[in-house]
Amino acid sequence: MRLHHIKAHAFHAPRLGEVQEFTDVLISLDETGTIVAVAEGADHPDALVLPAGQILIPGFVDLHVHAPQYPQLGSALDLPLEDWLQHYTFPLEARYADLDFARTVYDTLIADMLALGTTSALHFATIHVPATNLLAEICLSRGQRAVIGKVAMDDPDACPDFYRDASATDAIDGTRAVIDHIHAIAGKDGLVAPAITPRFIPSCTDECLHGLGKLAAETGVRVQSHISESDWQHGFVRARTGRSDAESFAHYGLLREYSVFAHGTHLSAPDMELLRDHGAGVAHCAASNAYFAGAVFPLRRALDIGLNTGLGTDISGGPNPSIFEAARMTVAASRIRARGVDADIAADARGTAEPAIDMATAFHLATRGGAQALGLPVGAFEVGMKFDAMAIDTLRAEGTIRPFGATGLRLLEKVLHTASRPNIVAVWTDGVQRVGS
């Protein structure tokens, strides 16, 4: 059943640097789940009224998910990235030729993500067209707003024999087939949308990358990939192409508006400006960067130049599927970057001295910031936005929030720092309740 009116204590962060609290707000929706009115202190006889102790916040946006990797979440993260991929990840992803296996994993993943308040996600699938189409169908049926791509990886020198596209043509044709399927089941403005998804430049031939760039220009769909994630990847691309990752994606026609590239820890200042000028964005994956990237993403620098940025869990390079945890790690990584790590270096020379990111900023990135990067009309309680939201019970004994009388921004900070799955008692997308009774 679709919600039409809800009355609640709510918080949102519609713009960077701005957190707004509604102590008693009525939010009204139309038949499509679009917000048509936001009125503080108003009432409606048919409104769902959240009880005292519950707060309403926008649903989270996860900008980087490897959906097929969910079974290995939290596994083998001690390995270098190249070894982790070859020995664990690629053998796992190859199993998605089996649709029964794919259905079990994907259905569990999407249910778990929604229960954790992740209402929108940008998903990598696998090289398999049927399993990628199945992921789109599951997201649609369960009600997660999703952008989904069939992974393209055709280079025989970089990809294992048992798991790669047979040719550049197969990679491009398979991508087109997924685009057509998703448009057919959801419509171009529906809950689910397609993305062109070269795994990363090292896994794709030039023929494949140029072909995907032409497909992007033809169809207008988003692009997603990895960019300058580690010393290895960053150096490999420059050695092969003579360009940085960002310059290479532009060269292949894959740097496009509302496209999102994960990690970016090794992006130069000109690379960031190139992404910004093309309308592309970065998925900041603070947890997985700690395991694989060898550097901390310069988040403050990205925000200061106006580069679209949101948060990603990087399931399963990141060991936790919750954007709550991604936000917490974002704050911690920012402070580490700003203040440094080596006590043998003088305190005034130990870090970058960039202003650190606070939890209010991370809240924006987890909601409206991520939505802006993808061009989605969600992430804030404003007229014209879709109603994607979660209700948090701050008093639930089974949960982990203990307010002890906190109010205002301090209450929100407590929620963001300490909430866990039991605290999330309801989740909506398009105004339809997907979690809770």
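User: How are α11 and α13 oriented to each other?

Analyst: Happy to walk through it, and please keep in mind that this is a predicted model. Two packed helices are described by the angle between their axes and the distance between the axes. Here α11 and helix α13 (residues 359–374) pack at an angle of about 135°, and their axes are 9 Å apart. The two helices are therefore oblique to each other. Their crossing is right-handed.

User: Which residues of α11 and α13 meet?

Analyst: On the α11 side you will find Ile323, Ala327, Arg328 and Val331, and they meet Met359, Ala362 and Ala366 of α13. By class, this contact has six nonpolar residues, no polar ones and one charged.

User: At what angle do α4 and α5 cross?

Analyst: Helix α4 (residues 168–186) and helix α5 (residues 206–219) cross at roughly 25°, and their axes come within 8 Å. An angle under 35 degrees counts as roughly parallel, and α4 and α5 are therefore roughly parallel to each other. This crossing is right-handed too. From α4, the contact uses Ala168, Thr169, Ala171, Ile172, Thr175, Arg176 and Ile179. From α5 come Glu207, Cys208, Gly211, Leu212, Leu215, Glu218 and Thr219. Sorted by class, the contact of α4 with α5 has seven nonpolar, four polar and three charged residues.

User: How far apart are the axes of α2 and α3?

Analyst: The axes of helix α2 (residues 99–115) and helix α3 (residues 129–142) are 9 Å apart, at an angle of about 35°. Their crossing is right-handed. Among the residues in contact are Leu99, Tyr106 and Ile110 of α2, along with Leu134, Ile138 and Arg142 of α3. The contact of α2 with α3 holds 12 nonpolar residues, no polar ones and three charged.

User: Let's turn to empty space. How many cavities of 30 Å³ or more does a search of the whole structure find?

Analyst: The search finds two. In reading a cavity, look at its volume and then at its lining. The largest cavity holds about 120 Å³ of space. Its lining has 13 residues, and those nearest the centre are His66, Leu81, Trp84, Leu85 and His226. Helix α1 (residues 81–94) gives the largest share of that lining, three residues. The lining of the largest cavity divides into five nonpolar, five polar and three charged residues.

User: And which residues line the second largest cavity?

Analyst: That cavity has a volume of about 50 Å³. Its lining includes Phe297, Pro298, Leu299, Arg300, Ser334, Arg337 and Ala338, together with others such as Glu354 and Ile357. Two elements give two or more residues each, namely α10 (299–304) and α11 (323–339). The largest share, three residues, comes from α11, the helix that also packs with α13. By class, the lining of the second largest cavity has seven nonpolar, one polar and three charged residues.

User: One last topic, the backbone. Which residues does a cis peptide bond join?

Analyst: Most residues other than glycine have a negative phi, and most peptide bonds are trans. In this model, a cis peptide bond joins isoleucine 315 and serine 316, with omega of about 5°. Serine 316 sits in the loop between β14 (308–311) and α11.

User: What is the phi of aspartate 314?

Analyst: Aspartate 314 has a positive phi of about 55°, although it is not a glycine. Aspartate 314 is also found in the loop between β14 and α11.

How values were computed. Residues are numbered from 1 along each chain as its sequence is written. This is a predicted model: local features need pLDDT of at least 70, side-chain atom pairs count only at pLDDT 80 or more; totals for chains, interfaces and linings use all residues. Side-chain values use heavy atoms; hydrogens and water are left out. Axes are lines fitted to C-alpha atoms, for helices over the stretch in contact, and angles run from 0 to 180 degrees between N-to-C directions. Helices (H or I, at least four residues) and strands (E, at least two) are DSSP runs, numbered from the N terminus. Angles under 35 degrees count as roughly parallel, over 145 as roughly antiparallel, 65 to 115 as roughly perpendicular and the rest as oblique. A crossing is left-handed if the near helix is turned anticlockwise from the far one by less than a right angle, and right-handed if clockwise. Contact means heavy atoms within 4.5 Å. Ala, Val, Leu, Ile, Met, Phe, Trp, Tyr, Cys and Pro count as nonpolar, Asp, Glu, Lys and Arg as charged, and the others, Gly among them, as polar. On a 1 Å grid over the protein atoms alone, a cavity is a set of points where a 1.4 Å probe fits but cannot get out, and a pocket is an open set with protein on both sides within 12 Å along at least five of seven lines; lining residues have an atom within 4 Å of a point. Grid points are joined across faces, edges and corners, and a volume is the space filled by probe spheres set on the points.
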